[in-house]
Amino acid sequence: MNNILLIRALRNPAAIADFDILDWDLLLRQARQSNLLPKLYYIVKSINHHSKLPDKIQDILVSAKKMADKHRQTVIWEIDRISEALKDIPVSVIYLKGAAYTLQNLPVSDGRLFSDIDILIDKKLINKVEHYLILNGWVSVKQSNYDQKYYRKWMHEIPPLKHRRRLIVVDIHHNILPPTAKFKTNIDLLIDSSMHVNELNNVRVFSPYGMLIHSMAHLFCEGEFNNGLRDLVDIDELIRLFSKEKGFWDELLDLANKQNLNIPLFYGLRYSRKILSTPVPEDVIRKISVSQLFRVNLVIMDRLFSRVFIPNHKSCIKHSVYLAKFFLYIRGHYLRMPLHLLIPHLMIKLFTVWNDKESH
Amino acid sequence: MSEYWEAVAGFEVLRKTWGSESAIYHTGSGDTQLLDELGIAILNLVQAQRLETEEIREHILRKHKVELEGDSLARLLAELNRSGVITRVQTP
Amino acid sequence: MILSSLTFHEARTRLKSNGLYFKTGPFTIHFNTHIENITKNFYKLYSENQIFEQEVFSDFHIKIDLPNNFRRWVRPQVFFYLDNEIPFKPLPFNQAYPMLEWGMNWCIANHSHQYLIIHAAVLEKNNKAIILPAEPGSGKSTLAAILTLNGWRLLSDELALISLKDLSAIPLSRPINLKNDSIDIIKSMSETCIFSDVYDDTNKGSVALLKTSNESVSRADEVAIPCFIIKPKYINESKASLARVSPGKMFMHVAENSFNYSVLGKEGFEVLSNLIDLCGCFDFIYGNNTEAVNIMNSLVANN
C-alpha cells in the first residue's frame, strides 16, 4: 500500500473523502510540485466532492484549473498559428503528446499543463517546414554551432523553434527516438496509421495505439524524470480510455512488437499498474515478448523506477531518489546513443559548461 | 494576384462597448484591443465578407463619410492581424 | 490570537523552529526564517495579524534563509523558498525583509487565480472602495499611505483582489511599500506611524514599509464594493485635478496592470468589463496631501 497522498488520490479518487485538512495541505503541495494540481481538480470532480471541501481548498483547485484552461487556450491557438504559417505547403503535421490529447479533447488533456508543443513531420519536408516557420516569426532556440550540428546529425528532432512574440516553443521531430537509439522503430508505419483531426489544415495525431506506444517510448527511454509521475498519469489515463475498445490489447502488443518497443511497453504497463492501479490484465504483461534476462533484471529496475515515479515534493524525496535519478539518467543516454558517440558528446557539453562558467 | 482580409474562423471575438469605444477580446489569441467607432466599422465589414484594403477604404468613405489615410488603415489592419482577429489571404 | 500576544522571544523561536502560522487577508501563511532582521521587522509590522497556535492548513509555505554553503560568508545572499521551490533569484542579505513582502506578492499573484488581481492599491471609506491602479513611481503607495493616515481603511497596497463571483474587493491589508522621497513625506505627516528599517540600494531605490492601521488588519474579513477606479499621479506642488477617463481607456489600463487578466481569458474580459461598469473612472493629479485627502473624501461622501 502506497502511503503517499497524491498517489493514493490518483489510484483511487474515492480515498480523498477520508483526508483531513492537514492531509489536504500536503496533498495540494505534492500535486503542485508535480505539475498535477489542475489534474487534482478533475479528480475531485470525478467523485463530485468539490462542494464537500472547505472554500479555501476549492479556491486553490479552481485557481489551478483556470491556469490549465489558459494553457489549453494557448496550445489551441499556437496550433492554429502553425497551420496558418504552413498553409501554403502540402505537409501533414502530426501533433504529439499533450497537444494531441488537447486537439481530440481527450479526458487526459483535462488539467494538463504544457511547457512546449511537440510535432512530427516527414523527414523529407522538415527543412521546408522549418523555413516557413522562420519566415512567419519563429526563431531557433539553440544558437551555438555545436548544438545546431548535434541536433541535425544525431537527434530525432531539429533544434527547437520559439515564436518571437508569443514565446511558445515548438519541438519539431522526424522520429520518435533518435536514429542512434537502441530500439529501432519504424516511423513510416506510425505516420501511415495517423489520423486526421482537422482535414482542412492537415492536422493529424497518431492512432490511439501509436499515442500510447509513443508516450511509453518517450518516458522509458528518457533520462530525466522530473515530470515522471505526470507522464505516467498520461499513460494511465490513455489506457483507461482506450482499453474499453474490443481487441485493444492485441493491437497494442502487435504495434509495440512491430516498432521494436516491447521493453518500453512492458515497463509502461508494469509501472502504471503497480503505481497507479491501471487496469492491465496480468496475462497481457506475460504475453509481451521480452528475454528471460530482462525479467531477472526487473528486481533492479523496480527499485529504480519506484523511486522516480513519486511527487516532486520534499515529503517524498529521500537520498535514494537522487541516486536512482542518476542511474536512470545514464541509462537514458545509453539507450539513445551508443557509448562511442555518447562519451565525446558529454565531454563537449561538460567543456562548454566550464567555459561558460569561466567567462561569467 | 490580389490580397484580401478575412475574419479568422473558429474563434469568437467578444465585444464590450462604452459610448464610442469598444474593447474586443479574441478567444483564440487571448489578445485585447480598444477600437473606436471606425475600428469597429472596419471589423464588422471584414467579419461580414472578404475584402481588399481598397474596398474597405471605399466602404468607409461611402457609409461613414470618412476618408481614411493610407497609414492609419494599414496600421489598424496590421494590429487586428497580429492579434489574430483577421487574416490576410492571397488569391491568384 | 494576534502576533503581539507572543513575546518577541517566543515569535523568534517559532520562526526559527517549526515556523509561524499567520493570516494576511484571505490567506494563511506558514513562515520560517532564521534571519534576525526579518524577525524584528515582521514582529513590528504584523503585530495585529491573527496567528495560530497549532499547525493549520496554509495557502503558502514559505521560508527565507541563507543557503548552507560557503556563500554564507562571502557576500551573503538570501533565498526565498515556496515549499521546495526557489521561484526567483536570491537577493543581497541586506534586502531580506523587503524580500518577504515581494515574495508573498509573488506567491499570491502567481497562484491565486480565484481572483482578478490588479497591481493597485485599494482603500475604503463610507463603504465605498476606490481602486488605484498604476505603474511604479506614480505615487500610488504614497496616496494609499496618506489616506490610511487620514481615516481610510486600507484593503491593499500592491495587490487588489477582485472576487470573480461578485466583484467585491477582498482585503489583503499588509504594510505599505514606500520608496525614496515618499518615506520622508509620510514620516513628516505623522509622528505615530510605525516604519520598518529603511533598505537602501534595492532595484527600486530606497524602500521602507509602513505599518498599516490596526483597523485595516482587524477588519480583514469585511469586503468592500468598488465604486471608483482612479489613476493617481503625484506632481510636486501641482494643483489637484480629478478628470473623467473613458471607460474603454481605463479598461485597457487596468488590463495592462493586472497580474492575471490574461490567465483568466474570457472570464477576465467579462469580469473586468463588469468592474468598469460598476465604477466611475478618473485621472487624478495631486501635489498637496491635504488637498488630495479632501478631494478623495468628497468623492465618497454620503449624500
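Trainee: Which residues have the most contacts inside the largest nonpolar core?

Mentor: In this predicted model, the largest nonpolar core has 89 residues, and those with the most contacts inside it are W24(A), L40(A), L61(A), L269(A), Y271(A), F305(A) and F309(A). A nonpolar core here is a set of buried Ala, Val, Leu, Ile, Met, Phe, Trp, Tyr and Cys residues joined through side-chain atoms within 4.5 Å, where buried means under 20% relative accessible area with a 1.4 Å probe and protein chains only.

Trainee: And which helix gives the most to this core?

Mentor: That is helix α9 of chain A, residues 208–221, with nine residues; helices are DSSP runs of H or I with at least four residues, strands are runs of E with at least two, and both are numbered from the N terminus.

Trainee: What does F309(A) touch?

Mentor: Leaving out residues up to four places away in sequence, F309(A) touches I7(A), L219(A), F220(A), F225(A), G228(A), L229(A), L232(A), Y271(A) and I275(A), a contact being heavy atoms within 4.5 Å.

Trainee: Changing topic, how many residues do chain C and chain A put into their contact?

Mentor: Chain C gives 24 residues and chain A gives 20 residues, and the two chains bury about 1,900 Å² between them, with 50% of it on carbon and sulfur atoms. Buried area is the accessible area (1.4 Å probe) that two parts lose on being put together, summed over both.

Trainee: Which three residues supply the most of chain C's part?

Mentor: F57(C), D83(C) and N84(C) supply 37% of the area that chain C buries against chain A, more than any other three residues.

Trainee: How many salt bridges are there between chain C and chain A?

Mentor: The count is three, taking a salt bridge as a side-chain nitrogen of Lys or Arg within 4 Å of a carboxyl oxygen of Asp or Glu. E267(C) forms a salt bridge with K66(A), and the closest N and O atoms there are 2.7 Å apart.

Trainee: What about chain B and chain A, how many salt bridges does the rule find there?

Mentor: Across that interface the rule finds zero salt bridges, while the area buried between chain B and chain A is about 770 Å², of which carbon and sulfur atoms give 47%. The contact takes 15 residues from chain B and eight residues from chain A.

Trainee: How should I read the numbering and the cut-offs?

Mentor: Residues are numbered from 1 along each chain as its sequence is written, and chains are lettered from A and ligands numbered from 1 in the order in which they are written. Local features need pLDDT of at least 70 and side-chain atom pairs count only at pLDDT 80 or more, while totals for chains, interfaces and linings use all residues, and side-chain values use heavy atoms, with hydrogens and water left out.

Key:
Buried means under 20% relative accessible area, exposed over 50%, partly exposed in between (1.4 Å probe, protein chains only).
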